[in-house]
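Notebook open, coffee poured. I want to go through this one piece by piece and jot down what I look up.

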Amino acid sequence: MADTMQFDLVSPERSLASLQVSAVQIPGADGDMTAMPDHAPTITTLRPGILRIEGPEGSSEYLVTGGFAEIGAGSLSVLAEKATPVSEVTRAHIDELIAEARASHEAAQAHPSIVDEAAKLLADMEALGTHMSL
Amino acid sequence: MPSLKDLKNRIESVKSTRKITKAMQMVAAAKLRRAQEAAEASRPYTARFNAVMAGLAASVGGSDSAPKLLRGTGSDQVHLLVVMTAERGLCGGFNGNISKLARAKAAELQAQGKTVKVLTVGKKGRDAIKRDLGEYFVGHVDLSEVKRLGYSNAQDIAKDILARFDAEEFDVATIFYAKFVNVVTQIPTAQQIIPASFDEVEGDGDTALYDYEPSEEAILADLLPRGVATQIFSALLENGASEQGARMSAMDNATRNAGEMIDKLTIQFNRSRQAVITNELIEIISGAEAL
């Protein structure tokens, strides 16, 4: 059994990481999941959260919002709309994300069908801010 | 016959024009490199995204429960043309070519009895098609204040388009932009974004093996709006690179033309000066001989 797999983290604006990893914790829409080599092929959407990567060269964390993760045979790609290394995240950054989510929540009030989604997004963002205790 | 002074002024003015076009060419070259890097950086995301979407669309697409963004509204009566051009001119045929393509498409659709609506991104294209399609304008996105194109710009445009789609303002959306091939070649392209089509994209044959969390339909519904933003983003980046490439070659031509003009004017200037000198000599000599 291979003990590492290829991991790629890409956002539309740039590719953030491409390395060999042994485990990745993904904030999936239905809950967190940890993918290790030889995981069953899976595609899951992401909720705003922290992506934790563990590899031979130590571990790193990224804040990701929106997008999906694709676990394939021997490789894992995370496509996030926004991804930032946790070390670069500041309170102001989180506040900005929360403000954005709140704005879309308010905009959604007019369309009842998507208000739940927007509310969840807002709650996720706020939880993320608290979780990071910045 | 222009006087010596006129010629001199003329040469000076062409020289300063050449300086400006030369500078613009160099600025465009630097910006082109940046734009190309940005386009390059977004490619892995777009490629993976489209591959996954193609797989999903292939497995869900046939069913009636497929999202409207994929299936379409069931009609193709109202077309939204999103014309993406530059905010600035002086870039050769760049804006003109995109506008021409959009105009041709609009004329074709109208000949088929369809309704056309136009959303413009970039001031130059708006000006270019105003006369023919001005009455069909439904909106305009101004990017002139944007220094560096980001994904958020694309998201804003996508949001605008999706809101219009939800309000059932149109059935089919097509974006117009120029695909960057190299500095001298940019191909004006029309690409349908709603309903989404993934015919060009090669789906992974093994996508059927994937587990989906949540369900396939839910993922597709979540990703389709993002797909619109992704396609607009890559079109914006292609457009950015194309614009700088077109400007660079246009300014290169202009610089060369100015150089040729200066050479021609300088010869003319020297000839006139020589003629004046010869004339003066003849006058002096014939004056001396007459004595």
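Where does B:Pro195 lie? I looked it up in what is a predicted model: B:Pro195 lies in the loop between strand 5 and strand 6 of chain B. I checked the bond before it too, and the peptide bond from B:Ile194 to B:Pro195 is cis, with omega near -10°.

**Another proline.** I found a cis peptide bond from B:Glu213 to B:Pro214 as well, with omega near -10°. I placed B:Pro214 in the loop between strand 6 and helix 6 of chain B.

**Positive phi.** I went through backbone angles next. A:Asp38 is not a glycine, yet its phi is positive, near 70°. I traced A:Asp38 to the loop between strand 4 (31–35) and strand 5 of chain A. Is A:Asp38 buried or exposed? I get 12 other C-beta atoms within 10 Å of A:Asp38, so it is exposed.

B:Leu90 is not a glycine either, and I read a positive phi of about 50° there. I find B:Leu90 in the loop between strand 1 and helix 3 of chain B. B:Leu90 counts as partly exposed because it has 17 C-beta neighbours inside 10 Å.

**Helix 3 of chain B.** I took the span of this helix, residues 94–111. Its 18 residues reach 26 Å from the first C-alpha to the last, close to the 26 Å expected at 1.5 Å a residue. Which residues of helix 3 of chain B are buried? I list B:Phe94, B:Asn95, B:Ile98, B:Ser99, B:Ala102 and B:Ala106. Looking down the axis of helix 3 of chain B, I see its buried residues fall within an arc of 110°, so they line one face of the helix. On the face turned away from that buried side I note the exposed residues B:Ala104, B:Ala107, B:Glu108 and B:Ala111.

I also asked what the buried residues of helix 3 of chain B pack against. My list has strand 1 (78–84), strand 2 (115–121), helix 4 (123–133), strand 4 (172–180), strand 5 (186–194) and helix 6 of chain B. After helix 3 of chain B comes B:Gly113, with a positive phi near 85°.

**Cores.** Which members of the largest nonpolar core touch the most other members? Out of 91 residues, I get B:Val82, B:Val83, B:Met84, B:Phe176 and B:Ile232. Helix 6 (residues 216–290) of chain B gives this core its largest share, 17 residues. I followed up on B:Val82: beyond its neighbours within four places in sequence, it is in contact with B:Leu119, B:Val121, B:Ile161, B:Ala173, B:Thr174, B:Ile175 and B:Phe176. Another core, of seven residues, lies apart from the largest one, and A:Ile94, A:Leu97, A:Leu121 and A:Met125 are among its members.

**Where the chains touch.** I count 21 residues from chain B and 21 residues from chain A in the contact. On the chain B side, helix 1 (4–60), strand 6 (211–213) and helix 6 give two or more residues. Helix 1 of chain B gives the most, with seven residues. By type, I sort the chain B side into 13 nonpolar, three polar and five charged residues.

Last lookup: I found strand 5 (residues 42–45) of chain A running parallel to strand 6 of chain B, joined by three bridges. Across that pairing, I see A:Ile43 opposite B:Tyr212 in strand 6 of chain B.

Key
Residues are numbered from 1 along each chain as its sequence is written. Chains are lettered from A and ligands numbered from 1 in the order in which they are written. This is a predicted model: local features need pLDDT of at least 70, side-chain atom pairs count only at pLDDT 80 or more; totals for chains, interfaces and linings use all residues. A nonpolar core is a set of buried Ala, Val, Leu, Ile, Met, Phe, Trp, Tyr and Cys residues joined through C-beta atoms within 7 Å. A residue is buried if 20 or more other C-beta atoms lie within 10 Å of its own, exposed if 12 or fewer, and partly exposed in between; C-beta atoms are placed from the backbone. Helices (H or I, at least four residues) and strands (E, at least two) are DSSP runs, numbered from the N terminus. Two residues are in contact if their C-beta atoms, placed from the backbone, lie within 7 Å. Ala, Val, Leu, Ile, Met, Phe, Trp, Tyr, Cys and Pro count as nonpolar, Asp, Glu, Lys and Arg as charged, and the others, Gly among them, as polar. Two strands pair if DSSP finds at least two bridges between them. The expected span of a helix is 1.5 Å times one less than its number of residues. The arc is that of the directions from the helix axis to the C-beta atoms.
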